[in-house]
Amino acid sequence: MNASTDLLVDAFGRIREVVEDVVTGLDPDELGTRPDDANSIAWLVWHLTRIQDDHLAGVAGTEQVWTADGWYDRFGLPFPADDTGYGHTGKDVAAVGGLSAQLLTDYHGAVHDNTVQYLAGVDDKDMKRVVDRAWTPPVTLGVRLVSVVADDLQHAGQAAYVRGLLGR
């Protein structure tokens, strides 16, 4: 590991802590609650974990934990296996219900562990590797990883806000 990957491991660890804090002690009904039709805690945690899983697998050139380790089947959601929640409608968000806190944290934990394992093999020169040429300028590994951290933190914060609205 190096300074860059140490910082990223710390950042992803903070996301992990927020995810656990947000879902702990909530039942499936609370996790699925959508105040004013907002995104539910279950959907937010599922989505942020799916994005992390999808994007890390993409840069690592590996299969997603979601399918490789059977999480897709365990969740039993009515979406294709490659769905990450991007562009979901309110109806789609509502379909992410009936999930337990344990299931959400276990999947997030598996993705977190996979992320940390991947980062252990990354060095500073890897951070400059272009991973996506669909953007101008092209996206490097470092930028992609920071983008995942930023997106995950935003959704984790939204989930914490919804928990607060529940009075929990």
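The exercises below work through a predicted model of one protein, each with a solution given in steps.

**Exercise 1. Establish how many helices and strands the protein has, in what order they run, and whether its radius of gyration agrees or disagrees with that of a compact globule.**

Step 1. The protein holds 8 helices and 2 strands, and from the N terminus on these elements follow the order α-α-α-α-α-α-α-β-β-α.

Step 2. For a chain of 168 residues, a compact globule would have a radius of gyration near 15 Å, and since the protein has 16 Å, the value agrees with that expectation. The C-alpha trace spans about 45 × 30 × 30 Å along its principal axes.

Step 3. Of the 168 residues, 44% are buried, while the protein exposes about 8,400 Å², with carbon and sulfur atoms supplying 51% of that area. Among contacts between residues at least 6 apart in sequence, 72% join residues at least 24 apart.

**Exercise 2. Compare the end-to-end distances of helices α3 and α8 with their expected spans, and describe how each helix is covered.**

Step 1. Helix α3 (41–60) has 20 residues, which at 1.5 Å a residue should span 28 Å, and its end C-alpha atoms are indeed 28 Å apart, so the two values agree.

Step 2. Because 16 of the 20 residues of α3 are buried, this helix is largely enclosed by the rest of the structure. Just after α3 comes Gly61, which takes a positive phi of about 70°.

Step 3. Helix α8 (residues 141–165) has 25 residues, for which a span of 36 Å is expected, and the distance of 36 Å between its end C-alpha atoms agrees with this.

Step 4. The buried residues of α8 include Leu145, Val148, Val149, Asp152, His155, Ala156, Ala159 and Val162. In an α-helix there are 3.6 residues a turn, so residues three or four places apart point the same way. Charged side chains also occur among the buried residues of α8, including Arg144, Asp152 and Arg163.

Step 5. The cover over the buried residues of α8 includes α1 (3–23), α3, α7, β1 (130–132) and β2 (139–140). After α8 comes Gly167, whose phi is positive, near 75°.

**Exercise 3. Identify the geometry of the aromatic pair formed by Phe75 and Tyr107, and place the two residues in the structure.**

Step 1. The count of aromatic pairs comes to 8. In the pair of Phe75 and Tyr107, the ring centres lie 5.6 Å apart and the planes meet at 70°; planes over 60 degrees apart count as edge-to-face, so this pair is assigned to that class.

Step 2. Phe75 belongs to helix α5 (residues 71–75) and Tyr107 to helix α7 (residues 101–120), so the pair ties together parts that are 32 residues apart in sequence.

Step 3. Phe75 has 6% relative accessibility and therefore counts as buried, and Tyr107, with a relative accessible area of 1%, is buried as well.

Step 4. Ring pairs link Phe75 and Tyr107 into a cluster with Trp46, Trp66, Trp71, Tyr72 and Phe79. Arg74 lies over the face of Trp71, at 3.8 Å from the ring centre.

**Exercise 4. Determine whether Thr115 is buried or exposed, and which residues it touches.**

Step 1. Thr115 is found in helix α7, and a relative accessible area of 1% makes this residue buried.

Step 2. Leaving aside residues up to four places away in sequence, Thr115 touches Phe12, Gln52 and Leu56. By contrast, the C-alpha atoms of Thr115 and Arg34, which stand 81 residues apart along the chain, are separated by 29 Å.

Conventions: Residues are numbered from 1 along each chain as its sequence is written. This is a predicted model: local features need pLDDT of at least 70, side-chain atom pairs count only at pLDDT 80 or more; totals for chains, interfaces and linings use all residues. Side-chain values use heavy atoms; hydrogens and water are left out. Rings of Phe, Tyr and Trp (its six-membered ring) pair if their centres lie within 6.5 Å; planes under 30 degrees apart count as stacked, over 60 as edge-to-face and the rest as tilted. Helices (H or I, at least four residues) and strands (E, at least two) are DSSP runs, numbered from the N terminus. Buried means under 20% relative accessible area, exposed over 50%, partly exposed in between (1.4 Å probe, protein chains only). A charge sits over a ring if NZ of Lys or CZ of Arg is within 6 Å of the ring centre and within 35 degrees of the ring normal. The expected span of a helix is 1.5 Å times one less than its number of residues. Contact means heavy atoms within 4.5 Å. The radius of gyration is taken over C-alpha atoms; the globule rule is 2.2 Å times the number of residues to the power 0.38. Accessible areas come from the Shrake-Rupley method with a 1.4 Å probe; for residues, only the protein chains shown count as cover.
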